[in-house]
Structure formats: structure tokens, C-alpha cells
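Biologist: I am new to this structure and would love a close look at a single part of it. Could you take me through the open sheet and what surrounds it?

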Amino acid sequence: MSIPAHPYAELFPMLSVSDGASLREDLASSGQRERIILLDGMVLDGRNRQQQLEALGLVDGEVPPEGSDLWLTRYRRFLPAQDGDPLAFVLSLNLHRRHLDDSQRAMVAARIANLGNGQKKSSANLQSTTQPDAADRLHVSTRSVASAREVIEHGAPELIARVDAGEVAVSAAADVAKLPVDEQLRILRESHPREFRAAAKEHRGVVQAEKKERRAEREAELGARQAALPDKRFGVVLADPEWKFVPYSAESGMDRAADNHYPTSTLDVIKSRPVADIAADDCALLLWATVPMLPQALEVMAAWGFAYKSHAVWMKDQIGTGYWFRNQHELLLLGTRGVVPAPAMGDQFRSALAYPLGEHSAKPPFAHEIAEAYWPSLAKIELNARARRPGWDAWGFEAPEAVHAESEAIAMSFEAATPILQAKYATTSGEELSRIIGRPIGTIRTWAHRLELTSAARLAARGAAMVEGFNKEKAVCNRSP
């Protein structure tokens, strides 16, 4: 058995087979010029010499006894008082002997940082260091060290060896290391190192497309199961409760209170509504909440049987009132019960959306658009609805009994809607297209995707509207005393 290597020696890879053979020939013809250095019974420097001397039968792989001739010809001890810091010693020798590129040095730096984090188990007394410190010692960037760590922790041994040998850039290897091991090996076999990053990106794109397809299948399957329930259940519930907000002063605060515009209900009444009875086992809740009523909205969400997940912000084009800040936004909370498919990566809406303010308590259409885009197959109901929307059930003080017959009559097929979408999709709002075509916005988005249309122009228009809103706000603030 060979003398074990010290962890500091293992920071650097062994020589390749061909380079090892050249060293063996040199040792056989010219003899050993540099002794193997031991520290704590391990090889601190000279692992390659030790290996080739064993192959030549000149050493037996055992630490020789004290006083033997081998101590004079083949070995010596590392003495900290004489030789200094063992890590600095190893780095100095190897960095001078080997012409390592940036990627190879980054791998060494990552291994040093791993030792300091206790990831290398050894009886040796190892120095503790950080990635920035290790990067500084090896003269590489911390970003390269982070990439090297990704390769070391997740890369296949063959990938690690290619980086250590200087054949693959560490940044490209880090992209490959994020893939399953079998895919890493396929890329190593079939791609040139310069193509590794593109190959990894292509694989992730394929996987992402497959995930989107599976997600759409799960969502459609869930919608079909819910539609088959004997009593109607809904996979999406959109609610805008009639919050009763009590102002600090009844005299000065009631002039703009909700009670002056529509009937309101207490928190207990809203919480007691049997929303759980109409919600499917797997259901998403979109719940509107004003800023001061956020704690109560979270109570309602929990009382209805949903767990809070995230929220979006409606940025208004006008400034309202407020005690601490003058409010210019409302919150759309998202909660779930059971297992509800999240949107595919890249298909998520932005978390802040700018829409102009309408009549009192009226909400912008993006809550419906989110529900229709994320869950086109699930049955949907809107609580406290002001109007019926195609594809939605509705309940509320102002909701009409049914969708207007005209809305039902104009529902178009994909073929009939195609020329309209091609002409108007980039410049027309989703709500307006839904009205024209007579289909839910989720269907509009799906058809637009099939036609390879984008909403870049619409997004740009919304951005311009946001800027205009902020400019209006700035002008109002400048006029304020």
C-alpha cells in the first residue's frame, strides 16, 4: 500500500498517464533529484515521484524506518519551523512547476475552500479559508472559484478530470455540471469543449419544454377531474371581499370609506363564508386586499382553507389617501389548497402591474388574465363580481344573473380568430381581444402562442403607461404644499 497523500497534496491532480510515463523514464535514467516530503506520515510533496518509484521497484510504499539510507536519498520530513506554512509550501512548488490556466487554478482554489469548510475529512491540521481568500491565493476571480465548486460538487468524475487537465473551461463545465450525470457524459462524448455551454443550454431548453408540456397536461387533467365532480367545484376562486374598514376618525375618515359606496361586511362574516365548500380539493385563491386590510385578508385566506403563497401589486395611476403613506397600490394575494400546478418557468406574470384607476372598488382585469393564463382548464368563479365574464361563474351584490347572450353568440373558433389575433394581438389588450373573440383570455394567450405571436408591443405600451402614471404622480406631489 502506498504512503497516503496529504490533503494539501491532493489539491492538485496527478500527472496524466503519458506524463507519468515520462517521469518514470527520467527517474530510471537520471535518478531521483528531489526527495519526497512527508508530513504527519503522509506525502506532502512528491506523489508522482512516489508512484513512479514504486512502479520501478525502488521503494515499497511504506514509510522507511528512521536512520535508514532512504531518508538521505529519497525522503525528508517537512518541518514547519524550517519550511514554514505547509499550504503555502505546496502552492508555491506546484504553481512554479506546472503551467496551470485560470480554470485549473480555480479548481485548486475551490478545493482549498472546501478543506476550510470541513468538507475534507482528515487527521491533518488544515487551515480554514474562504472562497475569496482562496481566489486571492491562486490569482483567480471568486466567480471562477464558485464555478469550480459547482463542478467539484456536482460534476461527473470525467468532467472534473477534463477541467483539471486544462481541456475544458471551468465556466462551461459549471453549466454542464448542473445537468444529470448521464447527460454530462453524453456531452463529454459528443461535443467539443467549445460547444459545452451551448449543449448544456440546449438540454435545459428541451427539459424546460418537456416540463411545460407536462405541466399543461397536469393542469388539463385536473380541470377534467374537477368538472366531473357531482357537485360543482371550482379550481380557481377570485374574491374581492367587501372589507369594512374602520378609520381613525369617524368624522374625517368616513367621506371616502367603502360604506358610502356599497354594503360592507365584518371580518367574521367574510371569514364564515363556505368558500371551502365550493373549492375543489386542488384549488387556487386570488384574493384582493387593500393595504390596511392585509392582516385581515390573510386571516380570511386561512379561514377559507388556503395557504398563502405570493402576491402581485396593482400600481394605480392616481394617489389615494393613507395614514402613513398615500396609497397608490393594492394587493392581489395568491393562496392554494391541495396541489395546484404553478406556471411554467418563463410564463409567470410580473409581480407589479400598472393599470389606471376605475370607479370605486373596480379592479383591473389582470387577476382574470392571470387565472386564465395559468389555469385555462380549471373551473373558475368570481366572488363579489361586478359583471359576468365568459368562462366564469359569478356571485356577488352587483353580478348579473348570466353572461349576456351577445357574449355567448360571438365565441369564435381558432380559425376565425386567427386573422384578428395576427392583426391586433400586439396592440390590443387581452380584455378587449376576449370581448371581440368571445373567448377567455387564457384561450387567447394559448392561441397567440400557437401563432408565435408576442405581446412585446403591449408590454411596451404598459411600460409607457406606467411612466406616464409616475410622471402624473410627480406632478401632483410637486403641486402639493
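Modeller: Happily! In this predicted model, seven strands form an open sheet, and their order across it is E8-E6-E7-E5-E4-E9-E10, with mixed pairing. At the edges stand strand E8 (352-354) and strand E10 (392-395); each has a single partner strand, so one side of each is left without a neighbour in the sheet. Neighbouring strands are turned against each other by 20° on average, direction ignored.

Let's begin with strand E7. Eight of its nine residues are buried, so E7 is largely enclosed by the rest of the structure. E7 pairs with E5 in the antiparallel sense over seven bridges, and one place to find this pairing is Leu-285, whose bridge partner in E7 is Gly-335. E6 and E7 are antiparallel too, with eight bridges between them; here you can look for Ser-310, which stands opposite Leu-334 in E7. Over at the E10 edge, strand E9 (residues 380-383) and E10 pair in the parallel sense over four bridges, and Leu-383 stands opposite Trp-395 in E10. Strands of a sheet pair through backbone hydrogen bonds, and the sense can be either parallel or antiparallel.

Now for the helices that cover these strands. Helix H16 (residues 294-303) lies across strand E5 (279-289), strand E6 (307-315) and strand E7 (329-337), and runs at about 20° to E7. Helix H17 (residues 366-374) lies across strand E4 (234-239) as well as E5, E6, E7, E8, E9 and E10, running at about 155° to E5.

Helix H17 also leads us to some aromatic rings. A pair of such rings is described by the distance of the centres and the angle of the planes. The count for this model comes to seven aromatic pairs. In one of them, the rings of Phe-349 and Tyr-374 have their centres 5.7 Å apart and their planes at 80°, so this pair is edge-to-face. Phe-349 lies in the loop between E7 and E8, while Tyr-374 belongs to helix H17, so the pair ties together parts that are 25 residues apart in sequence. Both Phe-349 and Tyr-374 are buried. Tyr-374 has a ring partner in Trp-375 as well: the centres are 5.4 Å apart and the planes stand at 85°, so that pair is also edge-to-face. Trp-375 is buried, just as Tyr-374 is.

There is a ring cluster to look for, too. Ring pairs link Trp-288, Trp-314, Tyr-355 and Phe-366. Two of these rings have a lysine for company. The charged end of Lys-316 sits over the ring of Trp-314, 4.9 Å from its centre, and the charged end of Lys-363 sits over the ring of Trp-288, 5.7 Å from its centre.

Lys-363 brings us to one last stop, because its side chain makes a polar contact of 3.0 Å with the side chain of Asp-240. You will find Asp-240 in the loop between E4 and helix H13 (250-253). Its relative accessibility is 16%, under the 20% cut-off, so Asp-240 counts as buried. With that, Lys-363 connects two parts of our tour: the ring of Trp-288 and the side chain of Asp-240.

Conventions: Residues are numbered from 1 along each chain as its sequence is written. This is a predicted model: local features need pLDDT of at least 70, side-chain atom pairs count only at pLDDT 80 or more; totals for chains, interfaces and linings use all residues. Side-chain values use heavy atoms; hydrogens and water are left out. Two strands pair if DSSP finds at least two bridges between them. Helices (H or I, at least four residues) and strands (E, at least two) are DSSP runs, numbered from the N terminus. Axes are lines fitted to C-alpha atoms, for helices over the stretch in contact, and angles run from 0 to 180 degrees between N-to-C directions. Contact means heavy atoms within 4.5 Å. Buried means under 20% relative accessible area, exposed over 50%, partly exposed in between (1.4 Å probe, protein chains only). A polar contact is a pair of N or O atoms within 3.5 Å; within protein, one must be able to donate a hydrogen and the other to accept it, and residues adjacent in sequence count only if both atoms are side-chain atoms. Rings of Phe, Tyr and Trp (its six-membered ring) pair if their centres lie within 6.5 Å; planes under 30 degrees apart count as stacked, over 60 as edge-to-face and the rest as tilted. A charge sits over a ring if NZ of Lys or CZ of Arg is within 6 Å of the ring centre and within 35 degrees of the ring normal.
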